[in-house]
Structure formats: C-alpha cells, structure tokens
Amino acid sequence: MFSYRHAFHAGNHADVLKHMVLVQLLAYLNLKDVAYTVIDTHAGAGTYLLDGEYASKSGESINGIARLWDRDDAPDLIADYLGVIRAMNPSGRLRHYPGSPFIAERVMREQDRLRLFELHPTDLRLLEEHFRKLEAHQAANGIRHTARGKRVIIQRADGFAGLKSLLPPPSRRGLVLIDPPYEDKDDYRKVKVAIEDAQRRFATGTYAIWYPVLGRLASQQLPERLKRIAAADWLHVTLSISAPADGRGLHSSGMFIINPPWTLEASLQQTMPWLAEALGQEGGARFQIQRGTAAAPEKERRA
C-alpha cells in the first residue's frame, strides 16, 4: 500500500503536463476576488530534490523539466509554469521541484484555502515539515496570512474519503486535484466513484484528474468513463513523449478537466505542439486534445 514514492518521478514529463495545467487553473480562479479552496487528494511530500537519492536514481526529470529549464522560447503556459519552478530555485540551478501542494500555495492568494490529504507516513511527515519551514520562512520575511481560518490544512487520511467532507467549500468556488499513483488498480474505480459523488455535492467545481496512459484496460477506460459521468463541460489532454518500445515505463499521461476555464482549450492548442517538440524522443511525441459537454459530442485535435 505504501510502496509508491513520487520522489522517484518528480519533474518527469507527466509532472510537466499536470503542473502546467494546474498553474493555469489556479490563475483563472485568481481572476475573481472571491476566495476559493483547493483540495489535493494525494498530496505527496510537497517538494523534491532532483539531485536527491530517489530522483537521481530514476533520472526521470532529465526528460521532463530539465529539457525546458534553459529554453527561452516557451509559450505563455509553459513560461507561467516555469516561473513557479524558478521561484523555488533562486540560484538558477535546477535542484528543487515542487509538488502540487507547493505549486498551489505559490499561485494562490492570501484569502484562498489549501486542503491536503496524504496517507503515506513518510511523505506525510515530509509534507508537514516542508510547510512548517515555509511558514517559518514567510514569518521571517514579514509575510503573514491574516485572513480568518487556517490557510493550509494537512490531514493523514484517504483523500477519496476525505473529499466528501469538504464539498461544497464555503465560498462555492474550488478546484479538486485527483492524482493517485494508480499502483492499486482499484484507484481507477475510486476516481470514477469520487467524481460522481463530488459532482452531486459541488456541481460547479473544477475537477482535474491526472492519470497514466498505460496498456492496462482500466487506464484506457478511465477517460471514457469520465466523459460519460461529466456533469459539465470537459477537456481532455494527453501527451506522449515517445512510442513505448518494450511496454515498460511511463511514456504518456493525461489530464481530464471537468468544468475547465473557457480559455484553456485555445491555450493548450497553442502550447502542446511546442511541448511535444521539446519533450519528444526519437520522433515518437504526440498529443491529443478533446473537449465536450455533458450533452454534446466531443471535438478532437491530434498531432
């Protein structure tokens, strides 16, 4: 149950896709003054050392964030994402990679709220430690969050179950990120069940579901099931950096967004060709963008 450690995969091509989209979802929520809540059902350790033991062993960031780090021609979506990563690496050397909780904390405003779930005991301890250090650093630099209520709450709990108690959020504005490791095949079913329940509780929320594109049937069926249960507009984007040569390793991943910002599809249409070129290996890179509504057929673009 606790074998998965995201530190092995930090900063890989799947993180690039997931976090690029996350930054844009948060930026869109920031356009209105009303506070919002971000819920991360599988928060992980919060931040990762790319030259640490785990990330160095896998080397996955080499074909992810490292390929973008020195590019000076990035489109706006990538530039916004890189800005968040660079803020955590003020020396200019790429060492620290933020997970979704720290990306959210960086982009959110003082009045917004972050609710994090994590079950892995080691990652939970690291997550709490990293946020304690962040709060101490902010206090030392005169940054104090004065809005009522605790801005960041971390819980050791199953995010699928914990999600129910937080919906709808007080302000009726929110983003839910669901990205389990999917090592347990039952995670695919749990994602579907969680989304069905969440939409009943909070129909106007934005839901961002990350998943690995694998050969297993459950992975292939997940986006189709999400399309069928989506109660609002949806957007589906996948990125493959190469064709799988041996059926092993993660070569593709996807983000399925329910109730996305109306601007996101056009921005992805401009960004994904560049990203596929930047991360592609041996001519095998491709992407796919689909959109649809709860009552209309999907439209699609492939490359």
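**Backbone exceptions and a helix pair in a predicted model**

R172 lies in the loop between α7 and β6, where helices (H or I, at least four residues) and strands (E, at least two) are DSSP runs numbered from the N terminus. This is a predicted model, in which local features need pLDDT of at least 70 and side-chain atom pairs count only at pLDDT 80 or more, while totals for chains, interfaces and linings use all residues. Residues are numbered from 1 along each chain as its sequence is written, and side-chain values use heavy atoms, with hydrogens and water left out.

Although R172 is not a glycine, its phi is positive, at about 60°. The loop between α7 (159–162) and β6 (174–178) also holds P168, and the peptide bond leading from L167 to P168 is cis, with omega near -5°. A positive phi, of about 65°, is likewise found at Y182, which is not a glycine and is placed in the loop between β6 and α8 (186–201). Y182 counts as buried (under 20% relative accessible area, with a 1.4 Å probe and protein chains only) because its relative accessibility is 2%.

Helix α5 (residues 100–107) packs against helix α6 (residues 121–140) at an angle of about 25°, with the axes 11 Å apart; the α5 helix is therefore roughly parallel to α6 (an angle under 35 degrees). Axes are lines fitted to C-alpha atoms over the stretch in contact, and angles run from 0 to 180 degrees between N-to-C directions. In this pair, P101, F102 and E105 of α5 meet L127, H130, F131, L134 and Q138 of α6, contact being defined as heavy atoms within 4.5 Å.

Conventions. Parallel < 35°, antiparallel > 145°, perpendicular 65-115°, else oblique. Buried < 20%, exposed > 50% of the residue type's maximum accessible area, 1.4 Å probe, protein only.
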